[in-house]
Structures are given as C-alpha cells and as structure tokens.
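This report covers the arrangement of the domains, the ligand shell and one helix pair.

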Amino acid sequence: MLELYHALTSTCSQKVRLCLAEKNIEWVSRPVNLAAEEHLTPAYLALNPNGVVPTLVHDGRPVVDSSVICEYLDETFPGPKLTPEDPVERAAMRAWMRFFEEVPTAAIRVPSFHQVIARRYQALDEQTFVEKIADIRPLRKNFYRRMGPHGFSQAEVAEALDELRHTIARMERALENSPWLIGAQFTLADIVVTPSFDRLDDLGLASLWAGKPGVANWFTRLKSRSSFALAYPKGSRLSEREPVRPLGKAALAGLC
Ligand SMILES: N[C@@H](CCC(=O)N[C@@H](CS)C(=O)NCC(=O)O)C(=O)O
C-alpha cells in the first residue's frame, strides 16, 4: 500500500501529488492538518522527524522529503519515465532540483508566510509566539522566529523576491528554445518547481515572469497537463482559505 501524508495547500505535497498523477500511481490520502499542528504529534514525528509534510509510506516504510519521494516514485514504479536515461541529462536534472531546493523553494516560503500564514499569529505577543509557535517545530523553529507574529521585514521579502526573479531569469534561458527544462523530455525538474509558480500566482505575483515568454509558455503547458488538475483539487490554494495581504511597493520594486 502507498500512503501519502500531505496537506492540500503545501507546495511540497503538491510536488509529490503531481509526480503521482504523472505516473498514474494509485495512492491512499492521509491528510495532515498543519493549522491544527497534526504534523507535530509524536505519531507523525515517528514517521517524519522533521515535522513537515509530505511523508510517503510504502508498505509500512516511510520515505521523507518531497524531492527524494519524487525520485523514489520514479525509480520504483512503472509509468512514464520522469528521469532522463542519459547520465549527463540526468545530472542536469538533479542540478536543477538541487538549485530549486536551495533557492526558490526556500524563497517562496517568505511571501507565503508574510502574505498569508503570519496573519494567524498577529494577536500573539512575541514571547508567546516564540514559545508556543516557533520553538515547537524541529525544522522550522528559526524560520518562524525570524518571521515573528507580524511577518517578515520588507528587506527579507525583497530578498526572497530577488531570488525568485533570479530563478525565473535562469529558467528563461533554458526554456527559450525548449519545451521543458531538460529539453524535449518532461522530467522531475519541471515538476518540483511548479508549485512555486502556482504559489506566486496565488499570491498575486505572476508579474515576476512578465516579459519572459519561455517561462510563461512553460507554465501554461504545465497547467494544461492532466496531472495538474489532479494534483490541485479544490482547496489547494492559500487564497481559497485565507486572505492574501498584498505586498508593499518597496518590496515589489526590490528597493529595500
Ligand atoms: N524539505 C522538505 C520540506 C517540507 C516542508 O517544509 N513542508 C512544509 C509545508 S510545504 C511544512 O510541513 N511546514 C510545517 C510548518 O510550517 O510547521 C520537503 O521537501 O519535503
């Protein structure tokens, strides 16, 4: 049996749902309510000591980390191959995946939390926020501490947007003359960065790829694949659940 512990709005869970849909794999959904801190319970921490979603459990054995899970699924299950045969292309795909983890996946958390999730905590004082919200998280304690109950500083938001712009510019060079990041083959590299684009769109930041036709057409092609609708059922977007606070002009202009 293949079980996925995940949350609808979690971008890391969305990566894995896209991968499962692309490979036509049947799976059992184990929803985890992040707002209710179900990912911090002893039972969940026994599966995933990082206290984050997603976690895949295959015949009782847990596999953690969304990109690792995607590679595991592609190696283990039949269906369309999402990894190139050619070793150099495979290395290029993995280099994109590492870059996406290091740069845009980390950067997208800043506007997501600043524009939406921080609002949940705005009534708390700093000390209560640190004790009750930040310090209970094994992996994200310092990220939450940096954010505080009122969101990130304008400078931190501007820095994150700068990293996202850099990512988009780099992708544009790869996608100018090619449908997918590794050329003709749709691969895990395309999958793992897609949720960051959908999140930017959801946060009202699609203007970041204005004037970048390679990236814009790539995202349109991606959204027209049948896997996209399957991976994003109703309720998968933050804006469907909570208000999105628009960013200040200074952060958008990168002036901070
Ligand atoms: N590197 C991990 C990161 C997973 C992650 O950060 N998940 C977020 C949701 S997208 C989470 O569970 N956050 C829990 C929290 O904020 O306490 C992966 O890719 O699986």
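The C-alpha centres of domain 1 and domain 2 are 19 Å apart. An automatic or database assignment sets the domain bounds: domain 1 spans 2–76, and domain 2 spans 87–226 + 237–253. The model is predicted: local features need pLDDT of at least 70 and side-chain atom pairs pLDDT 80 or more, while totals for chains, interfaces and linings use all residues. Numbering runs from 1 along each chain as its sequence is written.

The domain contact takes 16 residues from domain 1 and 17 residues from domain 2, a contact being two C-beta atoms, placed from the backbone, within 7 Å. On the domain 1 side, α1 (11–22) and α3 (66–76) each supply at least two residues, and α1 gives the most, with 6 residues. Helices are DSSP runs (H or I, at least four residues) numbered from the N terminus.

Around the ligand there are 13 residues, of which Ser10, Cys12, Val52, Val53 and Ser66 come nearest; near means a C-beta atom, placed from the backbone, within 6 Å. α1 and α3 each supply at least two residues of this shell too.

α3 also packs on α9 (residues 188–202) at about 145 degrees, with the axes 11 Å apart. Axes are lines fitted to C-alpha atoms over the stretch in contact, and angles run from 0 to 180 degrees between N-to-C directions. Ser67, Cys70, Glu71 and Asp74 of α3 meet Leu188, Ile191 and Val192 of α9.

Residue classes are tabulated below; Ala, Val, Leu, Ile, Met, Phe, Trp, Tyr, Cys and Pro count as nonpolar, Asp, Glu, Lys and Arg as charged, and the others, Gly among them, as polar.

| Set | Nonpolar | Polar | Charged |
|---|---|---|---|
| Domain 1 side touching domain 2 | 6 residues | 6 residues | 4 residues |
| Ligand shell | 5 residues | 5 residues | 3 residues |
| Contact of α3 with α9 | 4 residues | 1 residue | 2 residues |
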